[in-house]
Structures are given as C-alpha cells and as structure tokens.
Amino acid sequence: MKYHAFLLDLFNTAVAACKPSACMAEQLSKLDTSNGICVVGAGKAAAEMAAEVHKTLGDKCYGAVVTRYGYESAGDTGKIEVLTANHPTPDDNSLIAGKQLLALVKSTPATTPILFLISGGGSSLMCLPVDDVPFADKQQLNQFLLRSGASIDEINTVRKQLSLVKGGRLAEAAKSKHVTLMISDVVGDNAADIASGPTIADPSTKAQALAILQKYHWSPVGSIANYLAKPEASPGHKVASEYHIVANAQHAIDAAIDVAQKQGWQTQVLGYDIQGEARDVAKIHAKHALACKAKGQRVMLFSGGELTVTVGKEYGDGGPNQEYLMALALELDGVAGICAMACDTDGVDGSKDVAGAYIDQTTLTRAASAGVNASELLATHNSHQFFAAINDLVITGPTNTNVNDFRAIIIE
C-alpha cells in the first residue's frame, strides 16, 4: 500500500483540474448578458457548472439544469433550478426533465441568449422519446445497449434517432442565439456524442440505428422497430452550433502528470483516448509495465479513455476500471514493485457508487486470504466483490465532473 495515497492524490488532482470552477472562467467572461441569459443544462457536472455560472454572472442568468441524484451542487445556483434524475438508465424524472428543458428553450425570447451546459450522463438524465415510442420501451432499449458491448458512438446513434431533444433537437427549438459549454466524457471529444449532442447537428439516420441494433442481436420491440423502419423525415434546418469543450481527459491526466514530474517521476502516456474491453487493455498494459520493470525503469504510466465490459448471461457488480485492475493483477501475478489505480472521474465506476480501485504486489495473496478468487470473479464480471473483500475500493462520492477514466501504473 506504499503508493496508495500518492496515486489517490494524483487522481484527485486530475479531477480538480476538470471542475467547473477551474475550467469555465475564460468562456464565461466572453458572454453578453445585457439582455440576461437563459441557462439550460444536462449532465453529471450540470449543477456544478450552473453554480459557477451564477457565481460569475449573478442574477442576470436564470433557467434549469438536470443532474444525477446526489450530484446537486454545494454552491448557490441562484435562479437556475436544479432537477435530478437517474443514471445510467433514465427514470420518470428524466422524462420530466426532458419535457421541462425543451419547454424552457422554446419559451426563451429571441432577444435572450441561451447558455447550454452539457456534460457526460446527460443522455440518461434528459430523456424525451419520439411520440411513437413509449418511454418504457426506451428504458428497456437503454438497458440492452449498456450491456451489449456497443461503443458509445453506436449507442448515441440509436439514442438520437429516438429522441426529441438529442442530436441537436434541443437547440433547434431555440429562437435566440446560443452557445454550449461542454465537459467531455467522450473519447476523441466529438461534441455530437457528449450527452448525445443535444445542441449539435446529427448526421446519423434511422437505417444506421437499426443496423447497430441488429449488429448486437437485439430482440426487436415493435414500437422501436416500426419507427426506425419508417422513411426518413425531411431534414430540418441545420443547428448553428457554437460550442467550447472546457475540459477533457487530456486536461485531467496532464494535471496529474505535472504533479508526478515535479516529484521526480519519469512519465509515459499510453493514450488519452484508449477504448476496448477492460480485460484486453489490462493485458496490454501489464505487458508494457513488465517490460519497463525488466529494463530497470522507474516510471509512471498514465492513460485515459473509456473501457467497456461486455457481459453475458452471468454478471455481477463492478465497472470497467475495477475489471481492468482485477485483470491487471492477474497478468502481473504478484510481481514486486508495480502498483496501479484506475478510477472514473465522475466517482462512479459501473454499477456501484465507487470511483474505482487499487492493486499492488500483495493483491492476489490478500484476496486468497479473504477467500475470493480473482479468476472466478473476473469470469462473472464481479470486480466489486473482489475489491470490497480486500478493502481496496476507491470511494470519493460525487465529483461533480466527468471526463472518463483515469489510470496510473507505478513501476519502481
């Protein structure tokens, strides 16, 4: 546990660099508030972003944002109402938020600009299906997609085709000028994929969405299949989108690297935007770490991005960062002098409210003493049970931001 506190400090540094209070000032200073400003937002960072707007602009701003339960800001949001809903599966409050935020945009006068605040998680938190699809069917589809192994851009293509607010449709309802500030949780920072791009024009089609569902062996639901099979509607006007990504994974990781280097560590970035199955990426990173160890290097390996876990019929509790670490521990097999931490910057990794976990050379022996078997639990994607048994979970609570994964490996 020699480096546990150090790695946790680096993670906290990465998160702090992407807090709204640290990344929004420049863009807020450019806004024209002479006619007031309407604020509309969705995402895990939405409430904290709203608080920063109110702190900077005061009562010149009003509006509403929706965030995850428990992610309400500790700061004052003034005339900006904070709604809450469920994540990662939308609930009734997600539907209420979708209706309220769309109505707010439609009612904003042409003379009052709109400031959209968008961050990861907004897809679930603000949900408003097309009229032909019952909300219950949309909820069921969302659960299927999350377990299918589909990439985030594939999931978003489907979501956007079935929504009245995603894929630029929220901004299309605006009569006034608008600008979007985004905290990116998307690999590659494609603005159209952050919270399913409610203010960004969507080039995807119904046919593409249906092909994605078929690719992952979806059992068709009548309302959705029928809607996606209908001819495409005539394209509406293009969304004139001005947007700024104020924080992302590279921003977070570089902040941690700066601290590590100032403490004398050599550093390597394995990738800011790594995707793939958590256990497969772990094998690659273990091989790299062992090669560094064999060369006698004292180095830290950093990476970000968004890993996935494709589950079968049997699956337990956990998340991609915990599964990555359990697989990494198995690949390293107790070699001395290597430890690692992997966490999600929003404070929630998968199905439990834990940010991630920690491993070192004692992980597997301590697990054996606790009566848990890493290989067996990896097979059923039960990484949370594994790390809970050895008390190596990282629990931060809501961080009020979200730029995806933070991973760091130390090689002594």
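Which side chains meet in a salt bridge at 3.0 Å, N to O? I looked this up before anything else. They are those of Arg-407 and Asp-405. Both Arg-407 and Asp-405 are buried. I keep in mind that I am working on a predicted model.

**Entry: salt bridges**

I counted the salt bridges in the structure and got 13. I then went through several of them.

Lys-30 pairs with Glu-26, at 3.8 Å from N to O. I checked the accessibility of both partners. Lys-30 has a relative accessible area of 54%, so I list Lys-30 as exposed, the cut-off being over 50%. Glu-26 is exposed as well, at 54% relative accessibility.

Arg-68 and Asp-353 form another salt bridge, with the closest N and O atoms 3.3 Å apart. This pair links distant parts of the chain, 285 residues apart. Arg-68 sits in strand E2 (residues 61–68). Asp-353 sits in the loop between strand E9 (338–344) and strand E10 (356–359). Buried or exposed, I asked of Arg-68? Arg-68 counts as buried, at 11% relative accessibility.

I also noted a network of salt bridges that links Lys-160, Asp-193 and Asp-202.

**Entry: helix H8**

Lys-160 led me to helix H8, where Lys-160 is one of the buried residues. H8 covers residues 152–161, and eight of its 10 residues are buried, so the helix is largely enclosed by the rest of the structure. Among the buried ones I listed Glu-154, Ile-155, Asn-156, Arg-159 and Gln-161.

What do the buried residues of H8 pack against? I found helix H6 (122–125), helix H7 (135–148), helix H9 (169–172), helix H10 (206–215) and H11.

**Entry: Glu-232**

I turned to Glu-232 next. Glu-232 lies in the loop between helix H11 (222–229) and strand E6 (243–247). Its relative accessible area is 42%, which makes Glu-232 partly exposed. Leaving aside neighbours within four places in sequence, I found Glu-232 in contact with Gln-161, Thr-205, Lys-206 and Ala-207. Gln-161 is one of the buried residues of H8.

I also took a long-range distance. Glu-232 and Thr-399 are 40 Å apart in space, C-alpha to C-alpha, and 167 residues apart in sequence.

**Entry: domains**

The domain assignment gives domain 1 (3–247) and domain 2 (249–411). I took the distance between their C-alpha centres, which is 28 Å. I then looked at the interface. On the domain 1 side, 35 residues are in contact with 43 residues of domain 2. The area buried between the two domains is about 3300 Å², and carbon and sulfur atoms give 65% of that area. Which residues of domain 1 lose the most area to domain 2? They are Leu-7, Phe-11 and Val-187, together 20% of what that side buries. I counted two salt bridges between domain 1 and domain 2.

I checked the UniProt record too. The unreviewed entry places the feature "domain: MOFRL-associated" at residues 7–219. Over that stretch I computed 42% helix and 15% strand. The end C-alpha atoms of the stretch are 43 Å apart.

**Entry: nonpolar cores**

The largest nonpolar core has 47 residues. Which of them touch the most other members? I got Val-53, Leu-117, Met-300 and Phe-302. Helix H1 (residues 4–17) gives the most to this core, with six residues. Domain 1 and domain 2 both give residues to the core, so I place the core between them.

Apart from this core lies another, of 35 residues. Its members include Ala-289, Ala-367, Leu-377 and Phe-386.

I went back to Val-53 for its contacts. Leaving aside neighbours within four places in sequence, Val-53 is in contact with Met-24, Leu-28, Val-39, Gly-58, Cys-61, Ile-80, Leu-115 and Leu-117. Leu-117 is also among the core residues that touch the most other members.

**Entry: Ser-94**

My last stop was Ser-94, in helix H5 (residues 92–107). Buried or exposed? Ser-94 is buried, with a relative accessible area of 0%. Not counting residues up to four places away in sequence, Ser-94 touches Ala-85, Asn-86, Ser-124, Leu-125, Met-126 and Cys-127.

Conventions:
Residues are numbered from 1 along each chain as its sequence is written. This is a predicted model: local features need pLDDT of at least 70, side-chain atom pairs count only at pLDDT 80 or more; totals for chains, interfaces and linings use all residues. Side-chain values use heavy atoms; hydrogens and water are left out. A nonpolar core is a set of buried Ala, Val, Leu, Ile, Met, Phe, Trp, Tyr and Cys residues joined through side-chain atoms within 4.5 Å. Buried means under 20% relative accessible area, exposed over 50%, partly exposed in between (1.4 Å probe, protein chains only). Helices (H or I, at least four residues) and strands (E, at least two) are DSSP runs, numbered from the N terminus. Domain bounds come from an automatic or database domain assignment. Contact means heavy atoms within 4.5 Å. UniProt positions are given in the numbering used here, feature names are shortened, and annotations may be inferred rather than shown by experiment. Buried area is the accessible area (1.4 Å probe) that two parts lose on being put together, summed over both. A salt bridge is a side-chain nitrogen of Lys or Arg within 4 Å of a carboxyl oxygen of Asp or Glu.
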